[in-house]
Amino acid sequence: MRKKEPIVLDISCTKDDELIAAMDTIAILSGKWKIQLITTLNCGGALQFMEILRILDGIGTKMLTKELRDLEMNLLVKRTEMETNPTTVKYELTPHGRTLVRLINEMRLWGREHRRVVIGK
């Protein structure tokens, strides 16, 4: 049985719409908090706002609200209001949001190798 050759995408030869799709991905994941937030929700499951705030050391309430809204707008995070008094809100990754976990892991692996190549660690 022959070993399958990996598919290598030559970005310089792709169509404009393919580049736009890659740029969309970068735009969605850009910023200091998006990847950390996705990873937190992936590991923690459905979490309340204050739980997320405690886990993501250094993020403010306004920034967390903005990032959660951005991810919700892109159908990556589901916001659920619980019928409690006071109202409790939980956030969790959608099935579509969980598809990013593999991509983020690949980025982590690439980053580790890149560090090794560039700085020898």
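Is Glu67 buried or exposed? Glu67 is buried, with a relative accessible area of 4%. The value comes from a predicted model. The sections below take the fold, the sheet, the core, the salt bridges and the surface in turn.

The chain holds five helices and three strands. Read from the N terminus, the elements follow the order α-α-β-α-α-β-β-α. The chain has 121 residues, and 23% of them count as buried. Contacts between residues at least 6 apart in sequence were also examined. Of these, 44% join residues at least 24 apart. The exposed area of the chain is about 9,500 Å². Carbon and sulfur atoms supply 57% of that area.

The three strands form an open sheet in the order E1-E3-E2, and the pairing is antiparallel. Strand E1 (47–48) and strand E2 (77–82) are the edge strands. Each has a single partner strand, so one side of each lacks a neighbour in the sheet. E2 and E3 are joined by six bridges and run antiparallel. They form a hairpin, with five residues between them. Two residue pairs can be named within this pairing. Lys78 has Glu92 in E3 as its bridge partner. Val77 has Leu93 in E3 as its bridge partner. On the other side, E1 and E3 pair over two bridges, again in the antiparallel sense. Here Leu47 stands opposite Tyr91 in E3. In general, strands of a sheet pair through backbone hydrogen bonds, either parallel or antiparallel.

The loop between E3 and H5 contains Thr94. Thr94 is buried, with a relative accessible area of 14%. Neighbours within four places in sequence were set aside for its contacts. Thr94 then touches Leu75, Leu76, Val77 and Lys78. Val77 and Lys78 thus recur: Val77 is the bridge partner of Leu93, and Lys78 that of Glu92.

The largest nonpolar core comprises 21 residues. Within this core, Leu37, Leu41, Ile52, Leu64, Leu68 and Tyr91 touch the most other members. Several elements give two or more residues to the core: H2, helix H3 (49–55), H4, strand E3 (88–93) and H5. Ile52 shows how these residues meet. Residues up to four places away in sequence are not counted here. On that basis, Ile52 touches Leu37, Leu41, Leu47, Leu64, Leu68 and Tyr91. Two of these partners, Leu47 and Tyr91, also stand opposite each other in the sheet. In soluble globular proteins, nonpolar side chains tend to be buried together.

Charged side chains were examined next. A search of the whole structure finds six salt bridges. One of them joins the side chains of Glu67 and Lys34, at 3.2 Å from N to O. Glu67 belongs to helix H4 (residues 61–73) and Lys34 to helix H2 (residues 34–44), so the bridge ties together parts that are 33 residues apart in sequence. Lys34 counts as buried, like its partner, at 6% relative accessibility. The cut-off for buried is under 20% relative accessible area.

Lys34 also meets Asp70 in a salt bridge, at 3.4 Å from N to O. Asp70 lies in helix H4 and Lys34 in helix H2, so this pair ties together parts that are 36 residues apart in sequence. Asp70 is partly exposed, with a relative accessible area of 22%. Lys34, Lys66, Glu67 and Asp70 form one network, joined by salt bridges that share partners.

A further salt bridge links the side chains of Arg79 and Glu81, at 2.8 Å from N to O. Arg79 counts as partly exposed, at 36% relative accessibility.

The surface carries a nonpolar patch. Val117, Val118 and Ile119 form this patch, with about 290 Å² of accessible area together. Val118 is placed in helix H5 (residues 95–119). Val118 is exposed, with a relative accessible area of 54%. H5 is also among the elements that give two or more residues to the largest nonpolar core.

Notes
Residues numbered from 1 in each chain as written. Predicted model: local features only at pLDDT ≥ 70, side-chain atom pairs only at ≥ 80, totals over all residues. Heavy atoms only, no water. Salt bridge = Lys/Arg side-chain N within 4 Å of Asp/Glu carboxyl O. Helix = DSSP H or I, 4+ residues; strand = E, 2+ residues; numbered from the N terminus. Buried < 20%, exposed > 50% of the residue type's maximum accessible area, 1.4 Å probe, protein only. Patch = residues over 30% accessible without salt bridge, like charges linked within 9 Å, V, L, I, M, F, W, Y side chains within 5 Å. Areas by Shrake-Rupley, 256 points an atom, 1.4 Å probe, with all protein chains shown as cover. Contact = heavy atoms within 4.5 Å. Core = buried A, V, L, I, M, F, W, Y, C linked by side-chain atoms within 4.5 Å. Pairing = 2+ DSSP bridges.
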